[in-house]
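Please open the model in your viewer and keep the sequence alongside it. The tour below moves from one selection to the next and says what is to be found at each stop.

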Amino acid sequence: MVSRRDFFLGASAIGAAVATSAVSRVAMAALPEPVLQASADTQPPLQPSSGRPYNPVVTLNGWTLPWRMNNGVKEFHLVAEPVVRELAPGYKAHLWGYNGQSPGPTIEVVEGDRVRIFVTNKLPEHTSIHWHGQRLPNGMDGVAGLNQPAIPVGKTFVYEFVARRPGTFMYHPHADEMVQMAMGMMGFWVTHPKEHHPLINEVDRDFCFLLSAYDIEPGAYTPKIMQMLDFNLWTFNSRVFPGIDPLVVRHNDRVRLRVGNLTMTNHPIHVHGHEFEVTGTDGGPTPVGSRWPEVTADVAVGQMRQLEFIADEEGDWALHCHKSHHTMNAMGHDVPTLVGVDHRDMTRRITKLIPDYMVMGERGMADMAEMQMPLPDNTVPMMTGDGPFGSVEMGGMFTVLKVRKGQPAGDFRDPGWFKHPPGTVAREWTGALGEPARSNQAGGQSMPRQEAVGETVEVQVRKPSGHAGH
Ligand SMILES: [Cu+2]
């Protein structure tokens, strides 16, 4: 295992190796060596070793692709291939991706850069890459059959264009797209402005991640690619909570989150403790007059959003998709709603037949996060995550924004749990509990009924079982 500190050295070593190879004419004739990534940990931002300077992004549980300069052109090498992605510690999936991971590495350039990307296809079928949101020559847009022939198995194609517009973009196949995106093929692209841009702030911390979803049966390794709606794994950069790293920032940092959605449904991304503004989309920076404060931004399918805020409240703040089914991991389907159902007699009878029988859900489902039930190999609990006060009872698209006064600039290491100042944590009330005054105790009904009360009808509410249709 390579530690994060080692990677700092490793990353600059890669940069150095690429820069050195740029001197050799022989090396120039060959493709840039593809760089592979074995770890699913968040790698430190890749400081630009050549070209214009900029403040690099941090890819959540991901990394940035090194490049080499070749006569003023930034050259990258992507390898489309089957990968084993760790979705959470101890939980692996067989996906397709780029350079050893899903999503692929982030490509980071500067407005005006001429960019050349070699794409080698090591998949079992043809592919292509579409550069979502870019202004480019039509023949570089990557729609197989329309703009180019698909890249056959084993072949390498080259894309070349100028990054004309600064902003937040992504890349993904446009060949057998449904299968290839369901398998995890996607990556982030950031183009920094070449000079000060009136609508683009300098930020202290710049994070990016893609939203993707998979349908993998508990215990299985490969996504079911025909799935359209009924996914059971909702991810930030192909990771599920508790496998998603925290976003670590320094108190009073200006923070930018860049989020792109390549799932089949929208995700309202919600930040606790702070208000943000949407400062840009994949269409570019938003005009200042169009910005207003929000704490939740809906990111629709195929959209990207830049959320910006000053992290001026210390603490461990939840940051998650607000669809409650998207902050859960895979579960057995067809679990009926049992809240409020009295099982005592039924349980007694079933226990005679099945001694370990256990009823789930009559007091809600929080029990499931605490219960250490046997799980099939290679899966994660539906709701989990140990926090300083107990189980966080979350999964899927959930992580923590950690705002700390002591966090050094440029340091993304997890500072541990927030230490709350004395008297600032919700606690049990141990004083006297008075009876609340009801209107009838107060002397009668404040709004008397016009008609006589009929027979009371009890309504049983039952949510649809399973995950269908969300
Ligand atoms: Cu969601």
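Select P242 to begin, in this predicted model, and you will find this proline in the loop between β12 (233-236) and β13. The peptide bond that joins F241 and P242 is cis, with omega at about 10 degrees. A second bond of this kind can be displayed by selecting S102 and P103, which are joined by a cis peptide bond with an omega of about -5 degrees; P103 lies in the loop between β4 (91-98) and β5 (107-110).

Stay in that loop and select N99, which has its place between β4 and β5 as well. N99 is not a glycine, yet its phi is positive, at about 50 degrees. Most residues other than glycine have a negative phi, and most peptide bonds are trans. Is N99 buried or exposed? With 22 other C-beta atoms within 10 Å, N99 is buried, because the cut-off for that class is 20 or more.

Now go to N71, in the loop between β2 (68-70) and β3 (73-88). N71 also has a positive phi of about 50 degrees although it is not a glycine, but here the surroundings are of another kind: N71 has 8 other C-beta atoms within 10 Å and is therefore exposed.

Return next to β13, the strand that follows the loop of P242, and colour the sheet to which it belongs. Five strands form this open sheet in the order β13-β23-β20-β15-β18, and their pairing is mixed. At its edges are β13 (247-250) and β18 (296-299), each of which pairs on one side only. From one strand to the next, the twist averages 20 degrees. Strands of a sheet pair through backbone hydrogen bonds, either parallel or antiparallel.

To walk across the sheet, start from the edge at β13, which pairs with β23 in the parallel sense over four bridges. Selecting L247 together with L401 shows one place where the two strands meet, for L247 stands opposite L401 in β23. On the way across, β23 also pairs with β20 (residues 315-321), in the antiparallel sense and over six bridges, and here G315 can be selected with V403, the residue of β23 that it stands opposite. Moving on to the other edge, select β15 (residues 267-271), which pairs with β18 in the antiparallel sense over four bridges; the bridge partner of H267 in β18 is V299.

For a closer look at β23, select residues 398-404 and show their side chains. How many of the seven residues of this strand are buried? Seven of the seven are, so β23 is largely enclosed by the rest of the structure. In a regular strand the side chains alternate between the two faces of the sheet. Both faces of β23 are covered, with F398, V400, K402 and R404 buried on one side and T399, L401 and V403 buried on the other.

Finally, zoom out to the whole chain. The protein has five helices and 23 strands, and 38% of its 470 residues count as buried. Among contacts in the protein with a separation of 6 or more, 75% are between residues 24 or more positions apart.

Note on methods:
Residues are numbered from 1 along each chain as its sequence is written. This is a predicted model: local features need pLDDT of at least 70, side-chain atom pairs count only at pLDDT 80 or more; totals for chains, interfaces and linings use all residues. Two strands pair if DSSP finds at least two bridges between them. Axes are lines fitted to C-alpha atoms, for helices over the stretch in contact, and angles run from 0 to 180 degrees between N-to-C directions. A residue is buried if 20 or more other C-beta atoms lie within 10 Å of its own, exposed if 12 or fewer, and partly exposed in between; C-beta atoms are placed from the backbone. Two residues are in contact if their C-beta atoms, placed from the backbone, lie within 7 Å.
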